[in-house]
Structure formats: C-alpha cells, structure tokens
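Trainee: Please take one part of this model and look at it closely, following it outward into its surroundings. I would like a single connected account rather than a list.

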Amino acid sequence: MGWRASLSDEHAVHQDELSRQDLVQQQQSELADTQLVDSYMTQFGTFAEDSLLARSLRQDAPRVDHNNAQTMLSEAQVDLNLARNIGRQIGFTYPAAAPYVNPDGSYEPQKGSAFDFAQTLAFVESADETLHGLDPDQLRAQARSQRLLGLHLTGIAALFVSALVFLTLAAVSRGTRARWFASLGGLVAGVALVLFALVDLF
Amino acid sequence: MSPESPEIPHVSELTGEHEHHHDRHGRLIAVAIVLTTLAAALVAYAQAAALRTHDEADARAERNGALALSAAAIANDESRAQVDRFDLLQSEERRADNAALFEQYGAGSAATKLEAARWTQIAHQTYADTRAIAKSEGLPYICSPSHDAPCPAANGFYSPEQDPNFPIRYQQNALFQSYRLSALRDAANQAADNGEAQFVHYAAALTMLAVGVFLFGYALTPQGRARRTLFVRAASGFVVVACGWALFHALEHGSTPPDSAATAFANGEVATNDYQYGQAVADYDRAIKLSPKFVTALFHRATAEYVLGVPHSTLGSTTLPAPAGPVTVPSVQAIDKAAADDARARDQGSTSPTLLANLGADLLYRGLLRHDSNDLRQSLDVSRQAALALAQQNQSANDLVNARFDIAEAELALGDSYARDYQLAEHSLQATDVDTESGVGAALTDLDLIRVTHPALASQVATLDGQVVASVQFGPVALTPNGDLPAKGRPPIRFTGVQLQPDPGHMLYTIKGPGSFNPSDDVLSAQWQYKDPVNGEWAVLPEISGPVAKGGLLPAGPGYSSSNPSYVSLSTPATCLPAGQYKVDLYVNGQLAGSATTPGNWPTLQAARFRQVDAAICAPPNWQPLSVSSTPGADGYFTANASAGVVVFTIPGAALGSAQANPAALAFLMRKVVAGFASSVLPGLVPKGPDQATSFFMNFSDGRFQDWTFNGGKLISGVGMSPSGEIYVGLSYGPASVDVADLFLSISQL
C-alpha cells in the first residue's frame, strides 16, 4: 500500500514538472503574441493617419493654387503608398479583424470598425503552433488527483492497521469478546480491501 | 484463545512456567504495540496530507509566480500601446495647433488653414479609433479633460493633466493583476511553509512512536524481562509525547490567507506607485489584517509610512512629498511605525537586504532623534548585516552606499571609531551604477541631523561634510595631519557676498566676491538644502545639487551666478519647492568656500503640467487649466475668475522664417502674442519698458522678457527658442496681491 502511495506521489511530482514547463512555454508564447498584436496596433495608427492624410490632401488640393496643389497631390500619393503597404501587413494577414479598407488600400473609418485587438489576438494565437497541445491546467489537475490517490492509499493502510488492532485484541481476549473483536477486525480489513480496489481501479 | 485468532506466543512459552503470572502484562503490551502502530499509521496519514498540502501550495506558488511575471509583461506592453495611442493623438493635435499658429503669427495662406483643419479631423478620428481599440482590448483609454470630448472623469484621471508622473498611473492600474498574482504567490508560499513545518513535526512524532514500538517489543523479550516495567514506562512516555505532539500540530496548523488579502495588497502597490501613500497604508493595513504574516505587505507598508512622515505638498490625487528629494528625514512617529513594520517583517522571516538597510536607517534616525544609544547600536548591527548582504548582490549599489554611510554615522554618534567606515562608504560612491548625488545628499543630510541632535560633534560633522563632497570629486581621501583636505595644488578659496534667490521653481545663487576662484582650474560643487520643518536638519536637494557642470555658472559682473537650475524640471515627478528656509553650500575642490541662507516665502503651490507644451508651472492648487481647444498651441492655469494666470504658447519656429535667430524678431513675436491674448482680458495693457535678455525664462540661452502693466495689475512676458526649434512665449499676470514674478520664473521645461 505504501509502495503504491509512493508511486502516486512520484507521478504527481512528474506531472507538476510537466505542467510547469507547459505553463512557462504558454506564457512566453502568449506574451510574444500580445507583443505582435500591439505592434500591429501601432502600425494601424500609422496606417490610419497616412490614409486620412492622403484623402484629405487630395480633397484639399483643388482649393489651393496650382503649385501647392501639385505638392499636396504628390504628398497624398506618398502617404497612400505608405498606408497601402502597412495595410497589407495588418489587413491581409488577419482579414476578419482588420478595419474596412478601400479599393485603393486606404482606411475607411466610415464603413467599418477600428482595429479589433481581441479578435486579432485570437487569430494570432490560433495560428501559433507553439501554443497547440499545451495544457498546464490539465496536467496540474492530474498531479492533484495523483496526490489525492497517494493520500487515500495511506489512509487505507491505516485502516489495515486498525484491523490489526482488532485482531490483536481478539487474540488476547477470550470467548464472545474475542469473536467480536475478530469479526470487527475482519470487517475493517474487508472495508479496507474494497476501498483499495475502488481507489486503485477508479 | 479462539482457534481463528492470529498465533501469538503466550508469555509462558517465552519465559517459562514461573512467569505465568506475567501473562496478563504481556498481553497488554502486545495491545499497546498494535495501538502504537495504529497511532503511527494515523500520524503517517497526517504527514502525507501535510506533504500534499506543501506540494500543492508549492506548485500553486510557482504557477502564480509565472503568471505574475507574464501578466506584468503583458500589462506593460498593452499599457505602452495605449500610451502610444495617446501620444499619437497629442502629436496630431499639436500639428493642427502648429498650423493654426503659423496662420496666426507667420505667413499664413489658404494651405495652412486647410492643414489645421486636416490635422484636427485626423485627430478626431484617432480619438474615436482609440476608444474603440481600448474597448476591444478591455482597457480604459486615456483622454485629456481640457481638450478631448467626451472625456469621462475615470479616463481623464490618467491624463498628464491629472497624473503628475504620467503615464505611471495608467501603467500601475494595468499592473494590478500582476501585483495580485504576486501576493497570491506569497500566500501559497506561506501555505507551503506551513505544510512543510507540519511534515517535519509529524516526522518527529513518527520517530518517537518507532522508539516506543521498539521498547514495547523489547519488554516482551527474555532479555528485557528483568526491567520490563522500566521499558514499558519509557515506551509509554514516548507514545504519549508523540501523540500529544502530533495532535498539537494537527490542531495548530497555520491558516491560508484569503484571496482578499492579495487584492488589498495589489491596491496598496498601485497606490504606492501613484504616490498615494495614505491610501496605500490603508490598503496594506487591510492586507496585513487578513494575513498577519504577509512579509511583503509589512515591508511595503513600512516604506509608505516612512514617506508619509515627510511633509507633503497639496492634497488629493496630486499630493507629493515636498521637497521631492529622497533624503528628507521623516517625523519620529513615522519612523516608529516604519521600524516596527520592518522589524516585524524581518522577524517573520524576510531575508531582504533592502529591508535590513531600511531598518538600519529607521533605527539610526530614531536613535539620533531620541538620543537612544540602544537604537544606534541596533542600527549598527542591522546595517552591517545589510551591507554584507548587499555587497554580494548586483544592482543594489545605492542601497549599499546608504547602508555603509549609516554604519559610519551610527559609529560617529556613538563615539566609536568611524574613519574607516566613512572611507569605505565614500569608496562605494565611486561605483559606476550609483546615483552619486543622492548618496552624497543623503550623507550630508544625515550629518546635519547629527549636528542638530548632537551639537558636540559639530566640528567632526563640518570636516566630514567636506570629505564626503571631496570624495566624489577626487575619490576617497584622508585628512591631512592638521585636519585639512587636499586642494589638489590650489590654495583654499573663500567666497564673499554669496546670495540666494529661491523661487518655487528654481534656485539661484550669486557670488559677488569669488576670490581666486577660477572655473577652469577649480571644481565647484553646489549643495542646495531645505530646512526640514519637522526635525530641523538641512536636507540636501539632490536634484539640483552636485558638481557644477560647464554652463552651470554664468559671469555676473566681477563674480558669478548659477544658471538658475529648475527644480520643477529636474524632479520626478515635477514638484515645486515648498516655502521655508533654504541654504546653499559652495564647495571648491572639496572645501567649503561659501555659504548662504535665505527664507523662501510663498503660498503652497503645486506643479501643474501643461498638456500641449512640455512644460510645467508652480500654481496654487485651486487654479483651473485652460480649455486648450479654445486657444491653439496654448496651455495655462488661471484663478476661477481669470483675474490671474499663467499661459505658455508654443509656435513653430518656421513661423518666423529666416528671422528665427533674431532677438528682435523673437521680441516682436512675444509682443504680438501678448497683445493678442490681452486684448479682451487685460484692459489698459502697456509695456513698462523695453524687452531685455534673460537666461531665466525656461533656461533658454536666447531668452528675452518684458514687464507690462494693465488696469489693476502687472504682467511679465518672456520668449525663447527650444533646441528642437519651437518658440515658447510665456506670460504671467495678476493683481498686486499675486507674486507674478515667482509665477513667471516657475515656468519650467519638462
């Protein structure tokens, strides 16, 4: 019984170690994913600013003199190209989480929502293979159950010793009393056996 | 005996017929053996349960520790991203303002008008997107109540207008979960310790039970027969003690702190890092009440109690220790509380050398203030332990310097030999990772406390003052036989006519008679000090003290003046100086060359940080910020009826075109801005004289200022250009009852 309890404890220690390793890996991956999404968010800021600037410059160009207009249109084109490049990175990688993009590749705030952090993070994490198969909580739960098993087995060992007490009392008693003690000892031993079977099998 | 019973030999079979009368004893001993075995089995069960508690708590602690680290990293990252969004919004708003100002003060055109409108529109969209992003991230967004609409109070709380140390308040709020997890880790470690202690006690009980079983068994053998009673009694004793021991520890097991203790601790951490020390103490009180052995909470409460004992400026969310320097000695009541908590944390098992160093300092100050040699002796012991431990650690150079100075100071106050420990402490100041001036400032402040509390040591204190300052300039030094400090080949220099002109934001000294001082050959160190109104010592202001660097000393007639360093600019968070007594000690080549004291009389002021301008002023706490959106490129603070105020405008240097570097053009722009501002607010405004050069307007080298009068008051304006090419125009105005000059001088760059 003690041997079985010891095995359970040893198994629990191993499961804990595995859980710890999984947890560290999971935390590292989640942190890296969050940092990635934060960098997308920063890029979105530049993307939105460049997009709006490009559109505004194009709209304002006709209201100024020819030279200024040419300069503004030229700046608008540069801003649009920048916006398009950034938009490709954040929009095409995670389309469902991206804001609405015009056919020219610029941000269109009127037709959609802004950058969705939670949804983008969900996409990034689901695409992160290092996170797959990591389940530190399950391993930790297994370690807990192994420890509980070890404790139960130790308790059952104590029950066997109790049975031994009754049988000893039977040995040193006489007549009816001895039979009672012996029966009780047998009963306790039987219960311990049944519990052992239950604990060990289930 | 019934036939189905186990076969146990009769005592008579072992000992012979003549021992038959002992058969009854033998049976009782056999029963005792089995009962003892049962007790051992039960103790073993309890031991297994304790081991399980320990292992699970250990695993929980490790998990919470890992989660706390990760939560901190993620929170820092996410909060940084939100602060970046706010910075983006600010930069867009500034570009809109710059365009509007260019239109107003430069060569405006249709293009500049459109540019202002363009950036305003982009800023509005950025603000709308920021709110949506923050919502999807589950974080609050940051907004400025005076500029962004709508800006709920809960969000404005994180803005630079309301957070004197922006963006610390926002970041600390994000770190709440990490602090909570750290506290849960500590609680789990405590539970693991309890489990381990129980395990050990049960092991002791098991050992005693094993001895008991052996003695019972030996009593049944022919060899043990002669002294059976003795063996049985000894065995019974072991069994009774073992059972009592096990039972006591089974009932006595330590309780696991509730999760609410971790929540209270996390609130305390956030409050501490947001400078809300009163609130922090209340939170730590709750945490410690729920978890009396919470060592970290005790340690941190001690720190908060200590800082609370230092006079604070203003109240509410902007309250700050005044002065901001880390070297002021708190009230003895605060030291009592801090020392009690530090000692309790140590007794509960903390091995932190920083805690020991803090406890050493607490005991030193208390010993000095109460003339208690027992405290001083304890301080000496504790500081020595701290110094030993700190010397083994990396990144604890500042704590090591303080601990070593504490040792030397305790020796000085006790009349012990102190020279060697002072030299050791001064040697520690040479480490590259030491905040040198904080170390020097703390040492000088402590020396002055010794002078105040132990006047008989005044001459030693005066010598050591110079030695500490010199140690930074020349390395550790020993005194010459006649008690002088080496002057590196230069004769001792004495200044005459040293004068001070403090204002709430700056400290200015002038030297009328510099003697043979030569800035090229001599090393000048200025130690600014504020007289602690609680304990009476001169407390050094390390932010503005230290060796005077190139440019820090300006020619003024036959003498010199300081470049008027801004305390507001150099303190973190930006803090204004309180009213009180001020002093400057000027050391040349490690020797005191001159000194001056003067009172600083002004009302309680707080550093008010501008939102649109990287600057702050010292304003009365009840002044209101300007609604920035109404005046592009301007920020300011005013009384409720606008009868007095301070305003700063930032204008892109390009607005002046090629005339940027022309003082006359700067002065012209200043007058244009003043006239534009005053036209509707200050009737009868006229200049009192021509504009003049000054180096005291925001410490600009090309600064100019001008005095004005208006119906019922006066105005001072200034102008200067920052290294980044922005022109700053500042003005302060008010009736005669308001110190307009102090307000003007307090305008400081951040």
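Mentor: Let us start from a cysteine, C243(B), which has a relative accessibility of 32% and therefore counts as partly exposed, since that class lies between the limit of under 20% for buried residues and that of over 50% for exposed ones. Please keep in mind throughout that this is a predicted model, and that what follows describes its coordinates.

From that cysteine we can turn to the bonded ones. Counted over all chains, the structure contains two disulfides, and when the bonded cysteines of chain B are numbered in the order of the sequence, they pair as 1-2, 3-4. One of these links is made by C143(B) and C151(B), whose sulfur atoms lie 2.0 Å apart; it is right-handed, with 80° about the S-S bond, and both C143(B) and C151(B) are buried.

The other link, which is the part I would like to follow closely, is the disulfide between C576(B) and C618(B), again with 2.0 Å from S to S. Its torsion about the S-S bond is about -105°, and this disulfide is therefore left-handed. The two cysteines, 42 residues apart, tie together distant parts of the chain: C576(B) belongs to the loop that runs between helix 18 (567-570) and strand 10 (580-588) of chain B, while C618(B) sits in strand 13 of chain B. Burial is shared by the two ends here as well, with C576(B) and C618(B) both buried.

Because strands of a sheet pair through backbone hydrogen bonds, either parallel or antiparallel, the next step is to look at the neighbours of the strand that carries one end of the link. Strand 13 (residues 615-619) of chain B runs antiparallel to strand 12 of chain B and is joined to it by four bridges. Among the paired residues, Q606(B) has A619(B) of strand 13 as its bridge partner, and R609(B) is matched in the same way with A616(B). Strand 12 (residues 606-609) of chain B also shows two faces, a covered one with Q606(B) and A608(B), and an uncovered one with A607(B) and R609(B). The wider arrangement is an open sheet of three strands in chain B, in the order 12-13-22 and with antiparallel pairing. Its edges are strand 12 and strand 22 (748-749) of chain B, each of which pairs on one side only.

Elsewhere in chain B, strand 19 offers a second example of two faces. Along its residues 704-710, the side chains of R704(B), Q706(B), W708(B) and F710(B) point to one face and are buried, whereas those of F705(B), D707(B) and T709(B) point to the other and are not. Strand 17 (residues 686-687) of chain B pairs with strand 19 in the antiparallel sense over two bridges, and V686(B) stands opposite T709(B) there. Strand 18 (residues 692-693) of chain B is likewise antiparallel to strand 19 and joined to it by two bridges, with A693(B) opposite R704(B). Strand 20 (residues 713-721) of chain B pairs with strand 19 over seven bridges, again in the antiparallel sense, and its K714(B) is the bridge partner of T709(B). In the hairpin of strand 19 and strand 20, where two residues lie between the strands, G712(B) takes a positive phi near 90°.

To complete the surroundings of chain B, consider its interface with chain A, where 55 residues of chain A are in contact with 53 residues of chain B. About 4,700 Å² is buried between chain A and chain B, and carbon and sulfur atoms give 66% of that area. Five salt bridges are counted between chain A and chain B, including one between R147(A) and D55(B), in which the closest N and O atoms are 3.5 Å apart. Nine residue pairs across chain A and chain B are in polar contact. On the side of chain A that touches chain B, two or more residues come from each of helix 1 (2-60), helix 2 (66-93), helix 3 (117-127), helix 4 (136-172) and helix 5 (175-201) of chain A. Helix 1 of chain A contributes the most to that side, with 20 residues.

Conventions
Residues numbered from 1 in each chain as written. Chains lettered and ligands numbered in written order. Predicted model: local features only at pLDDT ≥ 70, side-chain atom pairs only at ≥ 80, totals over all residues. Heavy atoms only, no water. Buried < 20%, exposed > 50% of the residue type's maximum accessible area, 1.4 Å probe, protein only. Pairing = 2+ DSSP bridges. Disulfide = S-S within 2.5 Å. Contact = heavy atoms within 4.5 Å. Buried area = accessible area lost by both parts, 1.4 Å probe. Salt bridge = Lys/Arg side-chain N within 4 Å of Asp/Glu carboxyl O. Polar contact = N/O pair within 3.5 Å; in protein donor to acceptor, adjacent residues only side chain to side chain.
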